[in-house]
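I opened this entry to record where a ligand sits in a chain and how the parts around it are arranged. The notes follow the order in which I looked things up.

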Amino acid sequence: MSPQEAQRKSRLLRGIHRTVTGLHPALESLMAAVVGLLVGAILMKIWGFKPWEAYRALIQGAYGGGYELSNTLAWATPLILTALTFSMCLRAGMFNIGAEGQMYMGALAAVCIAYFVLPPGIHHLVGLLFAATAGALWSLVPAALKLLRGVSEVISTIMFNWIARWLGLYLTLNILVDPIRSEKSVSIPTSARLPVLVEGTSLSYGIFVSVAFALVIYFLLWHTATGYELRAAGLNPTAARYGGIRNKRTMFLSFILGGMAAGLAGATIMMGMPPTYAAFGGFPQMLNMGFNGMAVAMVGRNHPIGIIIAAIFFGGLSSGGGWMQILAGVPLEMVNVVMGAIVLTMSIPELIRVFPAIKNGTYKLIRSLRDGKGKAVEEGST
Amino acid sequence: MSDEHAARNSEMFLRAEKITKVYSDGTVALKEASVEIRSHEIIGLLGENGAGKTTFTKILSGLLPPTSGRVISPAGPVRFSSPREALDFGIGMVHQHFALVGTFTAAENVALSYARPFSRIQLAKTIEQLEALMEESGLGVPLDVPVEKLAVGEQQRVEILKVLSRNVDLLILDEPTSVLTPLEVDELFNLLRRLRDAGKSIILITHKLKEVQDVTNRIIVLRQGELVGDVQTASATTEQLAQMMVGQAIEAEAGAVELSDEELPASRTLKAVNRTVDSILQVENLTIRGNTGEIAVDDISFEIHGGEIFGIAGVEGNGQTELVESLTGLRVPDSGTATINGTNILGVDPRQIYRLGVAHIPEDRWELGLVLPFTLAENAILGVHRWEQFRGALSVLKWGRINQHVKQLMERFEIRAAGPGAPAKSLSGGNQQKLIVGRELAKNPDIIVASQPTRGLDIGSAYYIRQTLLDMREKGRAILLVSADLDEVLAHADRVAIMFEGRFMEVCSPADLTRERVGMLMGGVTEAKETA
Ligand SMILES: Nc1ncnc2c1ncn2[C@@H]1O[C@H](COP(=O)(O)OP(=O)(O)OP(=O)(O)O)[C@@H](O)[C@H]1O
Ligand SMILES: [Mg+2]
């Protein structure tokens, strides 16, 4: 190979490589989604349902039309935010499992604005601000415990989820309670409700809050010194310290931003989900949204843009699941099975290596077969 | 084969045939390299940074598959899909960067390399075996301390022991000497000679020509992925080797070879003209504890003036690491004071220390110096990412400016990489080092704390870095040079401290020292014993 030729070849390969490695994470996520759906299909088959029909109903129900798509996006709205909670902290090297609780606190704070009379616009802002602050404050306690006392944030955030849940129940039914209907809290007044985007669906302006927040996070992580510090601290804390980065501050920051995102998730549901615009005891409207956010984060590869796409996928599973039940008779739980299978598949490290491994394995097998016949092996380029 | 006669009773052990390696990002690291490896020989593998040495040996040891070409043993072609398979075949490699489990002890690490589930019994056996091996090889390490608490040099020894304990036929050592002291190098070489005489093959990668000429039988040279030389050691001159490595064009660098390798005191002619009266860095009664709580630095005092290089020589693990970490904000010392121009620097955030004009070239480039998954550009601003030239309003990074800066760095320090966007982990060892050194020196610092600044650099690059340090001294900067490379310290420092077990055995001008005496002091032997 002449130097020029090698150079040219190398430049071409480099281009291809960049595209492919850029796509690697996306491919892995796609594979996980496919595997998850396959596992679901196999189980349906075993239990005597028709997977093909079920999935058709699911896809129809999730993406089949403007109405369906709107509902899917409505589901995606809080998922984007709770996924960002997990990803932000993971990027900084911390496991924040507390999105669920932080979201509850945000929701309750949003409900509190029912007691103020403010002009629309300002009322909305105050609501979002309240929610974000409450979420951030709720996440600060585990963060402080971690940084000052070394308490594992995994454990403390999970514990704080439970505290938030029962505290929320108490507050909803005792303090913020609707004087007329004692099973729910006061309703957020119209001046603070996020307008519905598509009539007859739950899709509200909340989606803009989610997407905007995701874009802000994206910009923060890759285009500001603060985000740079956060990523450095997450990838190599020792080197970050050497680089003059204060790891504790970046960790705090990641928890604050994560908590804000989760709090906002609570707000988008309280302020943007018809018809009640109020919290119920046990938070049925947003139950598990925080946990599902972690699955979304995983499939979205902890990248804000990936998260938006993954949230639309997961949102579709949730919103289309109902149709699957109605049209194909498949129980709603099957959706959870699919989600679970996806998460399990995603957690296999370096999933993409499966392909080279299969390739190498096959080569080896072929070779051993040929060697068995006593032939010399001629191994060409791979 | 023309050089058949050299090996008396040697036979072919392995032949690499037309090995080409194209990394997945398109970097052509090897171009049809063919080498025959025989028993009873030590082969020196030379080449500039990024020439493909590590790649070549990784392919031999089963860590990387070749893109094309094959490896042939007398029994037929072989193909390893993992280092374990290569080990079973009898090929072991000690890597440029270590593959040790930090929280495990040396013994556990070795036991781990044998089999997956390792038991107490096996561990006890391993310890026994290791003790015998240490005795025999002269490589000593504490076996019961987590390896992450060991100095880099000690970790290196663990790696060598790990492979030796497997009783391999082909031992590959990727720059093993860059972290060893001269005495340790001698010991290692004696060991290698013994192994050779016992019929083993050894491939030794190093950037030190003297070492290659000292210990090898045969030398192969890679240049930009091509095998450009395969000669008997006895028949090759230093100039020839240097020429093979860099190609014909570069004349000036040939001079560099001689300076760094032979005429050590050459640089002393431009001694300390600009030395300032006042000291810039002042250290008094500094005592520091190591990771395990033992006293690592014991009541040390010194000062460095502007326009002066203060060298610290010594076997690694005698407190140098702790001293440097304390002076750069990474470790809080027990007692004592350290000031830069009167400002306290102990227990202070690294960020504040950098503001006083300090640059730090750390000894551990993978742990401290780089964020490996980050790109070259991202790594090039580590520590300076908040500088105004890179950061605008709202702390927005100016990537345009940063990339420009990186390109300048790449040019000035000859960092060979696919581009500013290449991840740091895809760089060759030497190029990673150049990236760190370049980043730190580009800060235009007043004080440079340099730990092993030229470790792993090829001769030309090492020469350039040393020259840059000398230039900075001329400009009145203060430099603390910590190095296991005795020649480097002796040739460049204005004053040298020899460190042993946390203390300075002696502080004096290198002119007053002989290599032998330094060697003794490094081993803790004082004058009294010497004259006795
Ligand atoms: N994982 C990788 N991906 C892409 N390119 C790589 C990778 N590893 C090495 N390279 C490139 O391959 C070339 C050869 O690298 P190699 O590590 O073999 O050099 P070397 O001779 O060992 O250099 P050094 O003396 O600096 O250690 C370099 O240009 C390097 O940038
Ligand atoms: Mg190398």
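Before reading any interface value, I note that buried area is the accessible area, with a 1.4 Å probe, that two parts lose on being put together, summed over both. The model is a predicted one.

Domains. I looked up the division of chain B and found domain 1 (3-246), domain 2 (251-357 + 445-532) and domain 3 (366-444). For domain 1 of chain B and domain 3 of chain B, I noted a buried area of about 670 Å², with 47% of it on carbon and sulfur atoms. In that pairing, eight residues of domain 1 of chain B contact nine residues of domain 3 of chain B. The centres of these two domains, taken over C-alpha atoms, are 30 Å apart.

Ligand position. Where does ligand 1 lie with respect to domain 1 and domain 3 of chain B? I placed it between them, because both domains give residues to its shell.

Shell. I counted 21 residues around ligand 1, and those that come nearest are Lys53(B), Thr54(B), Thr55(B), Ser428(B) and Gly430(B). By class, the shell holds four nonpolar, 13 polar and four charged residues.

Polar contacts. I recorded 2.7 Å between a backbone N or O atom of Lys53(B) and an oxygen atom of ligand 1. A side-chain N or O atom of Asn49(B) is 3.0 Å from an oxygen atom of the ligand. For Tyr23(B), a polar side-chain atom lies 3.4 Å from a nitrogen atom of ligand 1.

Cover and elements. Ligand 1 has 640 Å² of accessible area on its own, and the protein covers 87% of it. I noted α1 (53-60) and α15 (429-441) of chain B as the elements that give two or more residues to the shell.

How values were computed. Residues numbered from 1 in each chain as written. Chains lettered and ligands numbered in written order. Predicted model: local features only at pLDDT ≥ 70, side-chain atom pairs only at ≥ 80, totals over all residues. Heavy atoms only, no water. Near = heavy atom within 4 Å. Polar contact = N/O pair within 3.5 Å; in protein donor to acceptor, adjacent residues only side chain to side chain. Areas by Shrake-Rupley, 256 points an atom, 1.4 Å probe, with all protein chains shown as cover. Helix = DSSP H or I, 4+ residues; strand = E, 2+ residues; numbered from the N terminus. Nonpolar A, V, L, I, M, F, W, Y, C, P; charged D, E, K, R; others polar. Domains from an automatic or database assignment. Contact = heavy atoms within 4.5 Å.
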